[in-house]
Amino acid sequence: MALRDPDDAVVALFKHHAIKNEGRSAKEGRPIYDDMEIVEVRFPGSRSVSVFPATAFSHWQNNPETGEQTAVSYAERFSKQYRQFKGQNEQTKAGTPLAHAPFLTEARRAELRALNIYTVEQLSVVDGQELKNLGHAGRDLKNRAIEYISESKNNAPTTMLSAELEALRARNAVLEEDNEALKKSGGEGQFKEMTTDQIRDYVTAHTGQEPIGNMNRKALVRMALEARPDKAA
């Protein structure tokens, strides 16, 4: 029997998904995550799963009265499932997950999650009866969370500088490899008269894989030199 609504056969599962906030992580010197509502869409007879932000555009819907088209999100498309998801009152979490706190054991993390504490930031501000619920070590855990956040902020400039230096070293290493390859080959050789796009096509044809990203000419020439048939021989 045909379904009145094709979506009745679709399985839509809404979830919270942690997304790393690169900007805040770099600024604070510790991993910071934000929660995003997503939906996993499964179609009958297919093994694949499509994942979208809950508020992302799904399709256009015609208004029968005005004739205008309205953008419909996945949350609106699967409104029943979305209401059920929101009705669970799952806590939205933003901050540094407990898994990144080195002063916590797995057992202690499990205890904290059972008390609806999911991030180091939440642990650092717990007080009153909620703090008493953590047991005799509650105050110590809170203080260690505060220290962890403070030390992370103080170390953030050093951490960022180290990352920048490491990226610079990696870039210089690649450039040195490019120059060494060109020296060994006596320059660009057969690729000297080719355009960058032609070299990219050569690499794709001889390796079966297209170069990723916007590589510069030197990097593409190095790849082309390595992909030559005589090089393989």
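A search of the whole structure finds 6 aromatic pairs, so many places to click could open this tour; let's take the rings as the starting point. Keep in mind as you go that this is a predicted model.

**Stop 1: the rings**

Select Phe14, Tyr82 and Phe85 and show their side chains. Ring pairs join these three into a cluster. If you want to look at the pairs one by one, the two things to check are the distance of the ring centres and the angle of the planes.

**Stop 2: the whole chain**

Now zoom out and switch to cartoon. You should be able to count 10 helices and 6 strands. Colour by accessibility and the buried residues come to 29% of the 233 in the chain. As for how the chain comes back to itself, take the contacts with a separation of 6 or more: 45% of them are between residues 24 or more positions apart.

**Stop 3: salt bridges**

Side chains of opposite charge can pair when their charged atoms come close. There are 9 salt bridges in this structure, and we'll visit some of them.

Begin with Arg24 and Asp34. Their closest N and O atoms are 3.9 Å apart, and the pair counts as a salt bridge because the cut-off is 4 Å. This one ties distant parts of the chain together: Arg24 sits in helix H1 (residues 22-28) and Asp34 in strand S2 (residues 33-42), with their positions 10 residues apart in the numbering. Turn on the surface and you'll find Arg24 partly exposed, at 36% relative accessible area. Asp34 is partly exposed as well, at 25%.

Next, select Lys15, Glu40 and Arg42 together. Here the salt bridges form a network that links the three residues.

Then jump to helix H4 (residues 106-114) and pick Glu106 and Arg109, which both lie in this helix, 3 residues apart, or about one turn. They form a salt bridge whose closest N and O atoms are 2.6 Å apart. Which partner is buried and which is exposed? Arg109 is buried, with a relative accessible area of 8%, whereas Glu106 is exposed at 52%.

Stay in H4 and select Arg108 and Glu111. Again the spacing is 3 residues, about one helical turn, and again there is a salt bridge, this time with the closest N and O atoms 2.9 Å apart. Arg108 is partly exposed at 22% relative accessible area; it escapes the buried class because that class stops under 20%. Glu111 is partly exposed too, at 42%.

**Stop 4: two packed helices**

Two packed helices are described by the angle between their axes and the distance between the axes. To see a case, show helix H8 (residues 196-207) and helix H9 (residues 217-226): they pack at an angle of about 35 degrees, and their axes are 9 Å apart. Look down through the pair and the crossing is left-handed.

What makes the contact between H8 and H9? From H8, select Thr196, Ile199, Arg200, Tyr202 and Val203; from H9, select Arg217, Leu220, Val221, Met223 and Ala224. Colour that selection by residue type and you get 7 nonpolar, 1 polar and 2 charged.

Keep Val221 on screen and add Lys192, which belongs to the loop between helix H7 (138-185) and H8. Lys192 and Val221 are 29 residues apart in sequence, yet their C-alpha atoms are 8.9 Å apart in space. Lys192 itself is exposed, at 58% relative accessibility.

**Stop 5: around strand S4**

Last, go to the loop between strand S3 (49-53) and S4, and click on Thr55. Thr55 is exposed, with 65% relative accessibility. Draw a distance from its C-alpha to that of Glu37: the two residues are 18 apart in sequence and 7.9 Å apart in space.

From there, move along to Asn62, in strand S4 (residues 57-62). Is Asn62 buried or exposed? At 52% relative accessibility, Asn62 counts as exposed. Show the surroundings and leave aside residues up to four places away in sequence: what Asn62 touches is then Glu68 and Gln69.

Notes: Residues are numbered from 1 along each chain as its sequence is written. This is a predicted model: local features need pLDDT of at least 70, side-chain atom pairs count only at pLDDT 80 or more; totals for chains, interfaces and linings use all residues. Side-chain values use heavy atoms; hydrogens and water are left out. A salt bridge is a side-chain nitrogen of Lys or Arg within 4 Å of a carboxyl oxygen of Asp or Glu. Helices (H or I, at least four residues) and strands (E, at least two) are DSSP runs, numbered from the N terminus. Buried means under 20% relative accessible area, exposed over 50%, partly exposed in between (1.4 Å probe, protein chains only). Rings of Phe, Tyr and Trp (its six-membered ring) pair if their centres lie within 6.5 Å; planes under 30 degrees apart count as stacked, over 60 as edge-to-face and the rest as tilted. Axes are lines fitted to C-alpha atoms, for helices over the stretch in contact, and angles run from 0 to 180 degrees between N-to-C directions. A crossing is left-handed if the near helix is turned anticlockwise from the far one by less than a right angle, and right-handed if clockwise. Contact means heavy atoms within 4.5 Å. Ala, Val, Leu, Ile, Met, Phe, Trp, Tyr, Cys and Pro count as nonpolar, Asp, Glu, Lys and Arg as charged, and the others, Gly among them, as polar.
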